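Here's a quick briefing to read alongside the model. Have the sequence and the 3D view open, and follow the residues as they come up.

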Amino acid sequence: MTCDTYLLVLGATGTVGAALMQHFPTARIVGSCRRQKPDNYVAFDLEKHAPDDLLRAAIEKLPTGRFSHCALSMMPFSPAACAAEPAKTRHVAVTRMNALIDTLQAAQIVPVFFSTDYVFDGSAGLSTEATAANPITEYGRQKYMVEQHLTASGAPYLILRLGKVVSVKAGTGSLIHGWVKDIDQGNTIRIASDQILGPVSVDDVAAVTKLLTTRGATGLYHVSNGEQISRYEFFRRTYFHLTGRDDPDTQTFAPCPLDEIGFSETYPQNTSLDNRKAVSELDFEFMGSDAICRQAIAALHGKRDKI
């Protein structure tokens, strides 16, 4: 089955949202952000505005057709912010998000919710879509609450659980570009050597979203490159592609246990995701971790003073 996809993007200026805006034809996509932008964007603040306001403004921006999907790519709060103010963040990320989902489904628009690998406790890696969720952080709990709302709704939905999203484009402020800035400035940083990630290029996230929505897919999918790599090894590969050396100074770039980083909550240790469902259904090849590092560093050529 194929779907005539017209996409509304909540959080269109964020890392995932901006990638989605680049992957769909302009005539078939409208983005929302907190401040008004020209062309195919509308102003919308999930905390302040009613869901009907978003739909009304977005419909006026769509030249033809009707919205088939809404990508809920807005990441209103970081894990640290959720831990610091759970009641405030739940009101926006859960209560207000669920109200928006209800409005979308009543209008026969399929919500595409971007969830997280943090819905798992990290006790075992390569979690599948069938693995029982057991979030141990407030951020993970909030994402899982929205997942539960969707699965109980009785209406079509799409949940995409994302691995560690990384942009390979210069100047985006992602994980790799933060590391490059630290290297250039000689900053001392501590990097967890025992936290296992399942990275994914943000362009792969956008490409998979486009394939799934165009094919009319519903349900739950894991979106990750299917690898297991420690955060420190991911840094080491970044360092190699940046410097040509494989020996980062462990005094300046210090590997350490995750529980010594000093977070206010215990973070899951192995958040890698099994991606075989998406790979088999879409015949899609995800970018590997080393290629992500290599392309991110290549994109920074001549632009490192801007990060």
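Leu126 is found in the loop that runs between β5 and α5 (138-151). In this predicted model, phi of Leu126 is near 50 degrees, a positive value in a residue other than glycine. With a relative accessible area of 32%, Leu126 comes out as partly exposed.

**Other loop residues and backbone oddities**

- Asp283 also has a phi near 50 degrees, again a positive value in a residue other than glycine.
- You'll find Asp283 in the loop between α9 (276-282) and α10, and at 72% relative accessibility it counts as exposed.
- Gly186 sits just after α6 and takes a positive phi of about 70 degrees.
- Asp249 belongs to the loop that links α8 and β13, and its 38% relative accessibility makes it partly exposed.
- Asp249 and Thr188 are 61 residues apart in sequence, with 9.8 Å between their C-alpha atoms.

**Strand β5 and its neighbours**

- How many residues of strand β5 (residues 110-116) are buried? The count is 7 of 7, so the strand is mostly covered, taking buried to be under 20% relative accessible area.
- Val110, Val112, Phe114 and Thr116 point one way from β5, while Pro111, Phe113 and Ser115 point the other way. Both sets are buried.
- On one pairing, strand β4 (residues 69-72) runs parallel to β5 over 4 bridges, and His69 has Val110 in β5 as its bridge partner.
- β5 also pairs with β6 in the parallel sense, over 5 bridges. There, Val112 is matched with Leu158 of β6.

**From β6 on to β11**

- Strand β6 (residues 158-162) pairs with β11 as well, parallel and over 5 bridges.
- One of the residue matches is Ile159 with its bridge partner Leu220 in β11.
- Is strand β11 (residues 219-223) enclosed or open? It is largely enclosed by the rest of the structure, because 5 of its 5 residues are buried.

**Helices α6 and α10**

- Which residues of helix α6 (residues 175-185) are buried? They are Leu175, Ile176, His177, Trp179, Val180, Asp182 and Ile183.
- An α-helix has 3.6 residues a turn, so residues three or four places apart point the same way.
- The cover over the buried residues of α6 includes strands β7 (164-166), β8 (189-192) and β13 (253-256), along with helices α8 (231-243) and α10 (289-299).
- In α10, the buried residues are Ser289, Ala291, Ile292, Cys293, Ala296 and Ile297.
- For α10, the cover over the buried residues includes β7, β10 (199-201) and β12 (229-230), plus the helices α6 and α8.
- α10 is thus part of the cover of α6, and α6 is part of the cover of α10.

**An exposed helix residue**

- Ala84 has its place in helix α3 (residues 79-84). At 60% relative accessibility, Ala84 counts as exposed.
- Ala84 and Ile261 are 177 residues apart along the chain, and their C-alpha atoms are separated by 17 Å.

**The chain as a whole**

- The secondary structure of the protein chain comes to 10 helices and 13 strands.
- What radius of gyration does the protein chain have? The value is 19 Å, which agrees with the figure near 19 Å for a compact globule with 307 residues.
- Along the principal axes, the C-alpha atoms fill a box of roughly 55 × 40 × 40 Å.
- Of the 307 residues in the protein chain, 51% are buried.
- Take the contacts with a separation of 6 or more: 77% of them are between residues 24 or more positions apart.
- The accessible surface of the protein chain is about 13400 Å², and carbon and sulfur atoms account for 49% of that surface.
- There are 30 positive and 33 negative charges on the protein chain, and their mean positions are 5 Å apart.

Definitions and conventions
Residues are numbered from 1 along each chain as its sequence is written. This is a predicted model: local features need pLDDT of at least 70, side-chain atom pairs count only at pLDDT 80 or more; totals for chains, interfaces and linings use all residues. Side-chain values use heavy atoms; hydrogens and water are left out. Helices (H or I, at least four residues) and strands (E, at least two) are DSSP runs, numbered from the N terminus. The radius of gyration is taken over C-alpha atoms; the globule rule is 2.2 Å times the number of residues to the power 0.38. Buried means under 20% relative accessible area, exposed over 50%, partly exposed in between (1.4 Å probe, protein chains only). Contact means heavy atoms within 4.5 Å. Accessible areas come from the Shrake-Rupley method with a 1.4 Å probe; for residues, only the protein chains shown count as cover. Lys and Arg count as positive and Asp and Glu as negative; His and the chain ends are not counted. The place of a charge is taken as NZ of Lys, CZ of Arg, CG of Asp or CD of Glu. Two strands pair if DSSP finds at least two bridges between them.
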